[in-house]
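Please read these points with the structure open beside you. They go through the sheet, the hairpin and one loop residue in turn.

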Amino acid sequence: MNRITEKDLQAVCDRINRVTGNPLAAYARTETGCKANVGNYHLSHAYGGVELQRMHNDGGGVTTPLHTGHVPKRELYNAMHAFLAGINLKGEA
């Protein structure tokens, strides 16, 4: 089994953002500072694990669409692929 890297997770996260039409970056620079890109999917690291989060509002609040909490990289990688497959299936319906 190949080791799942940060680069692998980011590639799947970027694919999710592209398929859903969301910005690739969590924040955008403005003249007055930074602004949250609502809808953006991004990775969060804590407790020795990683989690997929989605930017929910302009203030930087997030939701956790997979409800996994912070888990090992391989577990998140598999869950993200299942999530992406579901998005693709919905597009076919």
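1. The sheet. This is a predicted model. It holds an open sheet of three strands, in the order β3-β4-β5, and the pairing is antiparallel. The edges are taken by β3 (41–46) and β5 (62–63); each has a single partner strand, so one side of each is left without a neighbour in the sheet.

2. How β3 and β4 are joined. Strand β4 covers residues 49–55 and runs antiparallel to β3, with six bridges between them. One place to look is Ala46, which stands opposite Gly49 in β4. As background, strands of a sheet pair through backbone hydrogen bonds, either parallel or antiparallel.

3. The helix on the sheet. Helix α1, residues 6–20, packs on the sheet and touches both β3 and β4. The direction of α1 makes about 150° with that of β3.

4. The hairpin. Another antiparallel pair is formed by β1 (residues 27–30) and β2 (residues 33–36), with four bridges between them. A hairpin of two residues links β1 to β2. Two facing pairs can be picked out by eye: Tyr27 stands opposite Ala36 in β2, and Arg29 stands opposite Cys34 in β2. When you follow the side chains, keep in mind that in a regular strand they alternate between the two faces of the sheet.

5. A loop residue. Where does Asn22 sit? Asn22 belongs to the loop between α1 and β1. Is Asn22 buried or exposed? The relative accessible area of Asn22 is 15%, and buried means under 20%, so Asn22 counts as buried.

6. Polar partners of Asn22. The side chain of Asn22 makes a polar contact of 2.7 Å with the side chain of Thr20. A polar atom of the Asn22 side chain also lies 3.1 Å from the backbone oxygen of Gly39.

7. Other neighbours of Asn22. Which residues does Asn22 touch, leaving aside those up to four places away in sequence? They are Asn17, Val38, Gly39, Asn40, Tyr41 and Arg54. Gly39 is thus on this list and also supplies the backbone oxygen described in the previous point.

Technical notes: Residues are numbered from 1 along each chain as its sequence is written. This is a predicted model: local features need pLDDT of at least 70, side-chain atom pairs count only at pLDDT 80 or more; totals for chains, interfaces and linings use all residues. Side-chain values use heavy atoms; hydrogens and water are left out. Two strands pair if DSSP finds at least two bridges between them. Contact means heavy atoms within 4.5 Å. Axes are lines fitted to C-alpha atoms, for helices over the stretch in contact, and angles run from 0 to 180 degrees between N-to-C directions. Buried means under 20% relative accessible area, exposed over 50%, partly exposed in between (1.4 Å probe, protein chains only). A polar contact is a pair of N or O atoms within 3.5 Å; within protein, one must be able to donate a hydrogen and the other to accept it, and residues adjacent in sequence count only if both atoms are side-chain atoms.
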